[in-house]
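Hi,

Here is the structure I promised to pass on. Have a look at it first, and my notes on what turned up follow below.

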Amino acid sequence: MAGLQTPLTRLLPADVARKLAAHRDLRTAGDLLWFLPRRYLDLRTEVAELVPGSYAVFVGTVLSATARPMRQRRGRLLSVTVRSGEHEIDVAFFSAHGHERKLLPGASGLFAGTVGAYGGRLQLTHPAYQMLGADDPDDAQGLIPGVADQRYMPVYREVKNLPSWKIGRAVAMVLDALDPLVDPVPADILQRRGLPGLGEAFARVHAPVELRGHGRNLWPPELARLRYDEALMMQVLLARRRLAHRSSPARPRRPRPGGLLEAFDARLPFELTAGQRAVGEELSEDLARDWPMHRLLQGDVGSGKTVVALRAMLAVVDAGGQAAMLAPTEVLAAQHHRSITTMMGDLAEGGLLGGADQGTRVALLTGSQTTAQRRRALLQAASGEAGIVVGTHALIQEGVGFFDLGLAVVDEQHRFGVAQRDALRGKAQDSSAADPHVLVMTATPIPRTVAMTVFGDMDVSVLTELPAGRSPITTHVVDKPAWLARTWARVAEEVAAGHQAYVVCPRIDDDAADSQPHPADEALESPEPPDDTHEALPAARSVMELQGLLATEPSLAGLAVDILHGRLPAEAKESVMAAFTAGDIDVLISTTVIEVGVDVPNATVMVVMDAERFGVSQLHQLRGRIGRGTAPGLCLLVTRAQGPALERLHQVAATTDGFEVARIDLEQRREGDVLGARQSGRSSLRLLRLTGPEERDPYGLTRADLDRLIQEAREDAAEVVGDDPDLHRHPELAAAIGALLDDEQAAYLERG
Ligand code: ADP
Ligand code: MG
């Protein structure tokens, strides 16, 4: 019996198996079959693409071959000239023996080797080669057995001393030796989707009879089957996770009539938007169920996610439970605490004299609190006295317990991994057998394909509109020194009109210590600026330098300027933010600690120094801090960059749409980074590249194709899991998914 798990050492000649294991870590039949060709040579038309120093595989015709004795050594040197397309290549063999008989003028063959250049001519020394159509006694079977008039030859990633055609032959030997593969995908699904069986797909992908596609992007149609497998495995996995969520117990949480939520709604100073109301409905339906909510709330910066989350938290408190909100930074946690307390007014003074009857308490828990503060917050959480607990990572540490955690809210999910979400969820189990409901929020627009995969086990709500009365933000790029004075003058004008300003710098100071990136100041890790910068703009890019510079700036004389950064003690941060919120500070110079969530509606202008050092999405988050009130916002991106970096800033300036920003961002980096490598790093996926900015993936598939494929797989997965939840009747599918999970787990552990 030979199957996908059978070691290659049992199926292939020892030296071939050894090379595959040593160079590409291919050890089982399955490993080799999934070692997919990178492209295919058309043996009738393929010409060389020769770049000196690179490994090339091509078809060529022998023009001439001459053997002559060598002076210093015994034996004869064979010099061959090969033509391939436009190229003429010199091929040298230091022993003519065995080669001159095959490399006859006029004969065609495949050549593989590392291209050299000598005296302006391309050279190959001792390449591997395989003559075509020759009656070669060593090679009676032709290139790949069973394919008599083979036209396409697979080209694989380089395996030392094993040219592609030998790998192709090894694949054919393995396929021959295997028992018919048991297909993990149910036959009726294959039929419905018009896909071949797994064995046939492997055979044709390694030895195609037909290629389809555009330009050089040609693939055998059977590749679709392998791609479908990955989509289906992933979707079955997610369908089972959804099912598991549904079958774990949660306590339904329904707001009490005449309770906290009603009282809160009655004192809201604004109307909820239609979107906020609709999402609110979805959340209260979810919360009323006896299985845990698992919902992702996506909304651009400023769309008003916090109040939506707060209303859900209040519903849970109404029902006698507690809610926790996890924020990625101390500044944000403190601000959430402050704004929630403010919005709730006397409703947040439960148990206090003068507090509302149905009120509760809102506790704050962060890592840098004093022991006394911390002890009090812990006590309030554990006793249930605090209905709402806001905090940073400190929330999910050991020793934090809740009386009855009913809802976990994770703000700015893109900053967290799945592990933290799960850790917070685990906090509920300390106190009860039920899982808490989970709401995660993000301002990062998530492409549909990713929403169906990485977040595929969650329901998704989207806030599409900004609250009414929002003023537009205008963004300008400041790349001329003369404009910098004008920039400070604009800041002064805004302050004179009663508003406030942010000045954002990529770093704190110029100390050596500064090169140690502080977790709250991620931009410190930004690369050095390119050399082609304007000399004329001052290089004032740290908070400290800028504080000095602005102190002597005539137009800002007499204004209250203060600084905020991650290295300040928590209390200092807290008091600076409180003073800025209260309007006591006119100009706040800060690092990206204010990037997410900070909400001071009176701030109307933001100057970003050395803007090219920030990521595109980061700039969008940053400018989301202004234009939150009724006055229009102005964002000035100061830069010394030129070329593509400058162009990118102009692109950001030209749009206010988060999705467009995400697209620009994607042009630069992969989605995996946008989402945080933790969540999207699925190294186990070989064919489904969800991540490229390109219109087509490496296999020529468009985004729309991918979307459709994943949608189909999702439907099929729902069907399979629907009538066989434990996959008892689909053991092959269960095994394949098990392997995928192992890979995923391994990849996760490697990333630490
Ligand atoms: P984000 O989605 O970026 O987290 P926030 O929740 O911080 O946005 O909301 C941004 C600002 O908009 C806050 O000042 C909030 O009080 C305000 N806001 C939220 N909803 C509305 C609304 N329906 N009408 C007016 N202002 C609103
Ligand atoms: Mg927010």
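Let's start with D610, which counts as buried, at 5% relative accessibility. Keep in mind throughout that this is a predicted model. D610 caught my eye for its backbone: its phi is positive, about 45°, although the residue is not a glycine. You'll find D610 in the loop that runs between β23 (603-608) and α17.

There is another residue of this kind. H126 isn't a glycine either, yet has a positive phi of about 45°. H126 sits in a loop too, between β7 (121-125) and β8 (128-131). What about its surroundings, buried or exposed, or something in between? H126 comes out as partly exposed, with a relative accessible area of 41%, whereas D610 is buried.

Back to α17, since the D610 loop leads there. This helix covers residues 616-623, and its axis comes within 11 Å of the axis of α18 (residues 643-653). The two axes cross at roughly 40°. An angle under 35 degrees would count as roughly parallel, and the roughly perpendicular range begins at 65, so α17 and α18 are oblique to each other. As for handedness, α17 passes α18 in a right-handed crossing.

Which residues make that contact? On the α17 side they are V616, L619 and R623, and on the α18 side R648, L649, V652 and A653. By type, the contact residues split into five nonpolar and two charged, with no polar ones.

While you're looking at α17, click on L622, which also belongs to that helix. L622 is buried, with a relative accessible area of 0%. Its C-alpha atom lies 9.7 Å from that of Y502, although 120 residues separate the pair along the chain.

Last, the cysteines. How many disulfides does the structure hold? The count is zero. For reference when you inspect the side chains, C505 is buried, with a relative accessible area of 0%. C635 counts as buried as well, at 1% relative accessibility.

If you open just a few views, I'd pick the loop with D610 between β23 and α17, then the crossing of α17 and α18, and then L622 together with Y502.

Cheers

How values were computed. Residues numbered from 1 in each chain as written. Chains lettered and ligands numbered in written order. Predicted model: local features only at pLDDT ≥ 70, side-chain atom pairs only at ≥ 80, totals over all residues. Heavy atoms only, no water. Axes fitted to C-alpha atoms, helices over the stretch in contact; angles between N-to-C directions. Helix = DSSP H or I, 4+ residues; strand = E, 2+ residues; numbered from the N terminus. Parallel < 35°, antiparallel > 145°, perpendicular 65-115°, else oblique. Left-handed = near helix turned anticlockwise from the far one by under 90°. Contact = heavy atoms within 4.5 Å. Nonpolar A, V, L, I, M, F, W, Y, C, P; charged D, E, K, R; others polar. Disulfide = S-S within 2.5 Å. Buried < 20%, exposed > 50% of the residue type's maximum accessible area, 1.4 Å probe, protein only.
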